[in-house]
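Reader: Before I consult this model at the bench, I should like to go through it by question and answer. Please show me the sequence and the structure.

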Amino acid sequence: MKVSVDRSLCYGSAECAHRAPAVFAFEDGYGVVRPRGADATEDARVREAVLEAAEKCPSQAIVLSE
């Protein structure tokens, strides 16, 4: 799964980092994908957390693709 954060949409709620800390971090007031964070989505629990983070992101800034 490819995971990214659209910084033009992100307004820094940190929901992503709270819900899926293995994949997301909070830097300079914005959510970011950790280096190699998308690799962690191979784990089913992490993948589910990423899907939840994308769903719950208040600015809808998380972009997922296969």
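**The surroundings of T41**

Reader: Leaving aside neighbours within four places in sequence, with which residues is T41 in contact?
Author: Contact means that heavy atoms lie within 4.5 Å of each other. With neighbours within four places in sequence left aside, the partners of T41 are M1, V3, V23, V46, R47 and V50.

Reader: What pLDDT must side-chain atom pairs have in order to count?
Author: Residues are numbered from 1 along each chain as its sequence is written, and side-chain values use heavy atoms, with hydrogens and water left out. This is a predicted model, in which totals for chains, interfaces and linings use all residues, local features need pLDDT of at least 70, and side-chain atom pairs count only at pLDDT 80 or more.

Reader: Why is T41 classed as buried, exposed or partly exposed?
Author: T41 is placed in the loop between β3 and α2. A residue is buried under 20% relative accessible area, exposed over 50% and partly exposed in between, using a 1.4 Å probe and protein chains only. T41 therefore belongs to the buried class, since its relative accessible area is 4%.

Reader: How far does the backbone oxygen of A38 lie from a polar atom of the T41 side chain?
Author: The atoms concerned are the backbone oxygen of A38 and a polar atom in the side chain of T41. The distance between them is 2.6 Å.

**Fold and core**

Reader: What pattern does the protein follow along its sequence?
Author: Helices (H or I, at least four residues) and strands (E, at least two) are DSSP runs, numbered from the N terminus. The protein has two helices and four strands. Read along the sequence, they give β-α-β-β-α-β.

Reader: Which element gives the most residues to the largest nonpolar core?
Author: A nonpolar core is a set of buried Ala, Val, Leu, Ile, Met, Phe, Trp, Tyr and Cys residues joined through side-chain atoms within 4.5 Å. The largest one has 15 residues, and V3, V23, F24, V50 and I62 have the most contacts inside it. At least two of its residues come from each of β1 (2-5) and α2 (44-56). With five residues, the element that gives the most is α2.

**The hairpin and G12**

Reader: Which residue stands opposite E27 in β3?
Author: Strands β2 (residues 24-27) and β3 (residues 30-33) run antiparallel and are joined by four bridges. The two strands form a hairpin with two residues between them, and D28 in the turn has a positive phi of about 50°. Opposite E27 in β3 stands Y30.

Reader: How far apart in space are the C-alpha atoms of G12 and D28?
Author: G12 lies in the loop between β1 and α1 (15-19). Residues up to four places away in sequence not counted, G12 touches F26 and G29. G12 and D28 are 16 residues apart in sequence, while their C-alpha separation in space is 8.9 Å.

**Cysteines**

Reader: How far from the sulfur of C57 is the nearest cysteine sulfur?
Author: A disulfide is a pair of cysteine sulfur atoms within 2.5 Å, and by this rule the count is zero. C16 is in no disulfide, its nearest cysteine sulfur being that of C10 at 6.2 Å. C57 is likewise in no disulfide; the nearest cysteine sulfur is that of C10, at a distance of 6.4 Å.

Reader: What is the relative accessible area of C57?
Author: C16 is buried, with a relative accessible area of 9%. C57 is also buried, and its relative accessible area is 9%.

Definitions and conventions. Pairing = 2+ DSSP bridges. Polar contact = N/O pair within 3.5 Å; in protein donor to acceptor, adjacent residues only side chain to side chain.
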